[in-house]
Amino acid sequence: MPAIDPAVERAIQTVVAELPKLRRLRASNNAIAELNVLAADERDFRELDLTGNPLSDHAYHEVVPGLRERLPHLRVSDEREWRLSRRLHTAGLPFDYYEGYWLCRPGLEHTAYPDADHLKIEPGELEELLDRDPSEVPGLFPVYDTS
């Protein structure tokens with residue numbers, strides 16, 4: 001698994017620390033691996049969306065159940081989608097796989113259209129591709145002429 005992006009972790013810490021009245025946080029598809037800062041925070045989010053993130057095993061299996069007990073509107077990927085996001089990141093591919101079988105490449109460094117370039121791909125098909133050759137995944141996305 002690639003190292004946790006310290007910028008992502010700092011951003012979450014900043015949001016939690018500096019916005020004490022925040023009750024809705026939509027942080028889907030943001031390469032979030034750890035949730036310790038959210039677990040330590042006592043606020044009751046009305047909405048917390050973490051779908052499509054390559055959460056660590058600890059975050060997914062230990063932190064999420066605790067958050068779910070106090071946050072009824074917590075959204076995380078189902079286990080198969082979560083495992084596929086983890087596999088993508090482990091292969092060095094900064095892509096996310098999320099509900100409805102969508103594959104996305106968030107961030108302007110990967111596409112000029114991060115909100116639009118989401119591909120529908122069945123989990124079995126993505127698993128086969130990752131088993132065969134993970135380097136083929138970026139080729140699934142359109143290439144734009146930026147000249």
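Three strands line up in the order 1-2-3 to make an open sheet, and the pairing is parallel. Strands pair here if DSSP finds at least two bridges between them. Strand 1 (24–26) and strand 3 (74–75) sit at the edges with a single partner strand each, so one side of each has no neighbour in the sheet. Strands 1 and 2 pair in the parallel sense over three bridges, and Arg 24 stands opposite Glu 47 in strand 2.

Some ground rules. This is a predicted model, where local features need pLDDT of at least 70 and side-chain atom pairs count only at pLDDT 80 or more, while totals for chains, interfaces and linings use all residues. Residues are numbered from 1 along each chain as its sequence is written, and side-chain values use heavy atoms, with hydrogens and water left out.

Zooming out, the chain has five helices and six strands, read along the sequence as α-β-α-β-α-β-α-β-β-β-α. These are DSSP runs numbered from the N terminus: helices are H or I with at least four residues, strands are E with at least two.

Now the aromatics: the structure holds three aromatic pairs. Rings of Phe, Tyr and Trp (its six-membered ring) pair if their centres lie within 6.5 Å; planes under 30 degrees apart count as stacked, over 60 as edge-to-face and the rest as tilted. Two of the pairs look like this:

| Pair | Centre to centre | Plane angle | Class |
|---|---|---|---|
| Tyr 60 and Trp 82 | 4.1 Å | 5° | stacked |
| Phe 95 and Phe 141 | 5.2 Å | 55° | tilted |

Tyr 60 belongs to helix 3 (residues 57–70) and Trp 82 to helix 4 (residues 79–90), so their pair ties together parts 22 residues apart in sequence. Tyr 60 and Trp 82 are both buried, where buried means under 20% relative accessible area, exposed over 50% and partly exposed in between (1.4 Å probe, protein chains only).

The tilted pair links distant parts of the chain, 46 residues apart: Phe 95 is in the loop between helix 4 and strand 4 (96–98), Phe 141 in the segment after helix 5 (123–132). Phe 95 is buried at a relative accessible area of 5%, and Phe 141 is buried at 3%.

For contrast, take Glu 42, in the loop between helix 2 (36–40) and strand 2 (47–49). Glu 42 is exposed, with a relative accessible area of 63%. Its C-alpha lies 9.1 Å from that of Arg 70, with the two positions 28 residues apart in sequence numbering.

Overall, 40% of the chain's 147 residues count as buried.
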